[in-house]
Amino acid sequence: MISKEENILFAAEKLFAENGFQGTSTREISKAANVNISMISYYFGSKEKLYEKLVEYRMNEGQFFSKDTLERTDINEWEKIEKIVDQFAGRIRHQKCFYRIMQREQLHTENPQIVEFLKQTKLGFLSMYSKILESGLANGIFTKNPPIYLLHSTISGTLFYASNGKDMYKEFLNNTEDEEVFEEQYYTELNKHIKHILKDLLGYEENK
């Protein structure tokens, strides 16, 4: 069961993704969430604060998973990288509305709170990759030391670009399969592709 607050957040997320922040009214959000418009003021104070809360909510989800992965002692550094890629790809695949919002925000945002959320999230990922790489090098799991900022760009940039181009690639491949079937195959291949690149960048040998 989701809370009333989450119900409003998720309804707003879909509308913000479709119509943008300016193109979405609180009345439309309350209608989509099936709540009285006063509930938006009660829980969030304003549309701007609701928007900021949505970004914070989704960002925190990713940060929690990343922290949990980083602290695990039952898997090695390469397996941590694999889990991060799987989780990141899964979030982009299943939370299309939020990542559509985020891509728009990275280009056009003027909200200082959103800018700070985005910056802190990116810095969090860079810190996490740095710790995994440092530990992997010390333990002999990795043999190469690529620039961390480029490692992060390789993962996130490839995922975003491939996700945005999925429909075009389906057409290019003349793929006539059901959308869900193609999407499953597409993201499976995408994950393998990213991991293959990362193995080379990190100097990881599976059967060493």
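The paragraphs below lead through a predicted model, going from one helix to the nonpolar core and then to the charged pairs.

A convenient place to begin is helix α5, which covers residues 77-94. With 18 residues at 1.5 Å a residue, α5 should span 26 Å, and its end C-alpha atoms are indeed 26 Å apart, so the expected span and the modelled one agree. At the start of this helix, a side-chain oxygen of Asn76 comes to within 3.0 Å of the backbone nitrogen of Trp78. The buried residues of α5 include nonpolar side chains such as Trp78, Ile81, Ile84, Val85, Phe88 and Ile92, but Glu77, Lys80, Gln87, Arg91 and Arg93 are also on the list of buried positions. Taken together, the buried residues of α5 pack against α4 (47-71), α6 (96-108), α7 (112-138), α8 (148-164) and α10 (179-202).

One residue of α5, Ile81, leads on to the core, since it is among the residues with the most contacts inside the largest nonpolar core, a set of 52 residues in which Phe16, Leu50, Tyr129, Phe142 and Leu198 are named alongside it. At least two residues of this core are supplied by each of α1 (4-19), α2 (26-33), α4, α5, α6, α7, α8 and α10, and the largest share, eight residues, comes from α7. The surroundings of Phe16 can be followed in detail: once its neighbours within four places in sequence are left aside, Phe16 is in contact with Phe21, Thr24, Ile29, Lys47, Leu50, Tyr51, Leu54, Ile101 and Arg104, and of these Leu50 is itself one of the core residues with the most contacts.

Helix α4 also holds Ser66, which counts as buried because its relative accessible area is 4%, under the 20% limit. Not counting residues up to four places away in sequence, Ser66 touches Phe125 and Met128. Ser66 and Ser41 are 25 residues apart in sequence, and their C-alpha atoms lie 32 Å apart in space.

The charged side chains form a further layer of description. Side chains of opposite charge can pair when their charged atoms come close. In this model the count comes to 13 salt bridges. One of them joins Lys49 and Glu52, with an N to O distance of 3.5 Å; because these residues are three apart in helix α4, about one helical turn separates them. The two partners differ in exposure, since Lys49 is partly exposed at a relative accessible area of 47%, whereas Glu52 is buried at 12%. Another salt bridge, between Glu116 and Lys119, has an N to O distance of 3.6 Å, and this pair likewise lies within one helix, α7, three residues and about one turn apart. Here Glu116 counts as partly exposed at 34% relative accessibility, and Lys119 counts as partly exposed at 43%.

The salt bridge between Glu183 and Arg93, at 3.0 Å from N to O, links distant parts of the chain, with Glu183 in helix α10 and Arg93 in helix α5, 90 residues apart. Both Glu183 and Arg93 are buried. The same two residues belong to a network of salt bridges that also includes Lys96, Lys166, Asp167, Glu179 and Glu184. The path thus returns to helix α5, whose buried residues include Arg93 and pack against α10 among other helices.

Key
Residues numbered from 1 in each chain as written. Predicted model: local features only at pLDDT ≥ 70, side-chain atom pairs only at ≥ 80, totals over all residues. Heavy atoms only, no water. Helix = DSSP H or I, 4+ residues; strand = E, 2+ residues; numbered from the N terminus. Expected span 1.5 Å × (residues − 1). Buried < 20%, exposed > 50% of the residue type's maximum accessible area, 1.4 Å probe, protein only. Contact = heavy atoms within 4.5 Å. Polar contact = N/O pair within 3.5 Å; in protein donor to acceptor, adjacent residues only side chain to side chain. Core = buried A, V, L, I, M, F, W, Y, C linked by side-chain atoms within 4.5 Å. Salt bridge = Lys/Arg side-chain N within 4 Å of Asp/Glu carboxyl O.
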